[in-house]
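Here is a briefing on a metal site and a bound ligand. Please look at the sequence and the model before reading on.

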Amino acid sequence: MGIWQGEPSGQFPLRGVMGSMPKQSPDRLTIARPDDWHLHLRDGAMMQAVAPHTAAHFGRAIIMPNLVPPVVTGAQAAAYRERIMAALPEDTPFRPLMTCYLTEETDANDLEIAHRDGIITAVKLYPAGATTNSASGVSDFDKVRPVLERMADMGLPLCVHGEVTDPDVDIFDREAVFIDKVLKPIRKKVPDLKVIMEHVTTQNAVDYVRDSRSNLAATITTHHLIINRNHILAGGIKPHYYCLPVAKREKHRIALVQAAISGDKRFFLGTDSAPHTDANKLLPCGCAGCFTAINTLSCLAEVFDAAGKMDKLENFTSLAGPRYYGLEPNDDTVTLIKGDPVSYPSSVETADGPVTVFDPGFPLHWRVQ
Ligand code: NCD
Ligand code: ZN
């Protein structure tokens, strides 16, 4: 399959981030344990197979609610949390941070109780039809405004999939148009709502977050720091690099890397690790999602090291996220060690079939101790 996981392929030499000369880095880095602020764990057999990989490295993760049917109530979020914990060893320190899927029927009282009882950490807004399992999402944003106002009052953050779904809007423009047509009006009408623009993929989104004064942050995925749209489409189609929002031009990838390595507290890691079986990816109409939970920390260390910014990795993976969510960083640590290239499996077996692991296209020298 040409998937590289361990031996140098030179497939995508890691391009330096503009202006920075690679510096001599130490070969060891200890950081507060990372969190993943956007993760798909799925359910059933798939969850059994993938959840332990996230729990091995991460302290907490914001769990996406786009199951079939979606997690819309506090009771469903509580039940899903139980199922996740049951898929992990009893003594795991990993904590799933649950979300409810916002629909036009969402009951603000239910959210309030779930938030008060510590069941949910955020609410997820999917524009209807934007991505995998988003059919129950929001079409008429005015209908959810009262719920958003209540969320602002109770300090419950909104995680946003920032793409319009209008078929007339080019897929590469959907994030930029969403900012102007949806996000700006929502934030103007409900200025006290704490918003996380998830998996940003464009310079436009980076600039919008940077220019905001308050109540806005963004997550950035591992794969969007590494691939641009050529990696998906040039020289043959690569379904395993197809995810939503779709990767954009190289200039946008560079903007994301610059935001991630900047130390700016408004940008933090949300892997959007989104496992699908190979059978569901390799279809005439294949599913969107990259599975990065296993090798994310090695990939990120390579990106930050190449930019000479290993000192900013902890902010991105472990400090900025909890700060924005009003939580403490994890009190334990992980140590990353640089050495000979590390091997990861090219796929993970699940009872539903294999799931291909994201191939960064370059050797990974950093491993988690
Ligand atoms: C996600 C999934 O598969 O659930 N896919 C993806 O490409 N990221 C949905 C999402 O977050 O858009
Ligand atoms: Zn996602």
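Buried means under 20% relative accessible area. Asp-272 counts as buried because its relative accessibility is 5%, under that 20% limit. The model is predicted. Two sites are covered below: the zinc ion (ligand 2) and ligand 1.

**Zinc site**
- His-38 (NE2), His-40 (NE2) and Asp-272 (OD) coordinate the zinc ion (ligand 2), at 2.0 Å.
- Along the chain, the donors are spaced H-x1-H-x231-D.
- His-40 and Asp-272 link distant parts of the chain, 232 residues apart.
- His-40 sits in the loop between strand S2 (36-39) and helix H1 (44-57).
- Asp-272 sits in the loop between strand S9 (267-269) and helix H9 (278-281).
- The site has four donor atoms, with angles of 91 to 138 degrees among them.
- Its geometry is irregular, because a tetrahedral site needs all angles between 85 and 135 degrees.

**Burial of the donors**
- His-40 has a relative accessible area of 6%, so this residue is buried too.
- Asp-272, at 5%, is likewise buried.

**Ligand 1**
- Ligand 1 has 15 residues around it.
- Asn-66, Thr-131, Leu-244, Asp-272 and His-276 come nearest.
- An oxygen atom of ligand 1 lies 2.8 Å from a side-chain N or O atom of Arg-42.
- A polar side-chain atom of His-40 is 3.1 Å from an oxygen atom of ligand 1.
- The backbone contributes as well: a polar backbone atom of Ala-288 is 3.1 Å from a nitrogen atom of ligand 1.
- Ligand 1 taken alone exposes 310 Å², and the protein buries 100% of that.

Terms used: Residues numbered from 1 in each chain as written. Chains lettered and ligands numbered in written order. Predicted model: local features only at pLDDT ≥ 70, side-chain atom pairs only at ≥ 80, totals over all residues. Heavy atoms only, no water. Donors = N, O, S within 2.8 Å, 3.2 Å for Na, K, Ca; no water. Tetrahedral: all angles 85-135°; square planar, octahedral: opposite > 155°, others 65-115°. Helix = DSSP H or I, 4+ residues; strand = E, 2+ residues; numbered from the N terminus. Buried < 20%, exposed > 50% of the residue type's maximum accessible area, 1.4 Å probe, protein only. Near = heavy atom within 4 Å. Polar contact = N/O pair within 3.5 Å; in protein donor to acceptor, adjacent residues only side chain to side chain. Areas by Shrake-Rupley, 256 points an atom, 1.4 Å probe, with all protein chains shown as cover.
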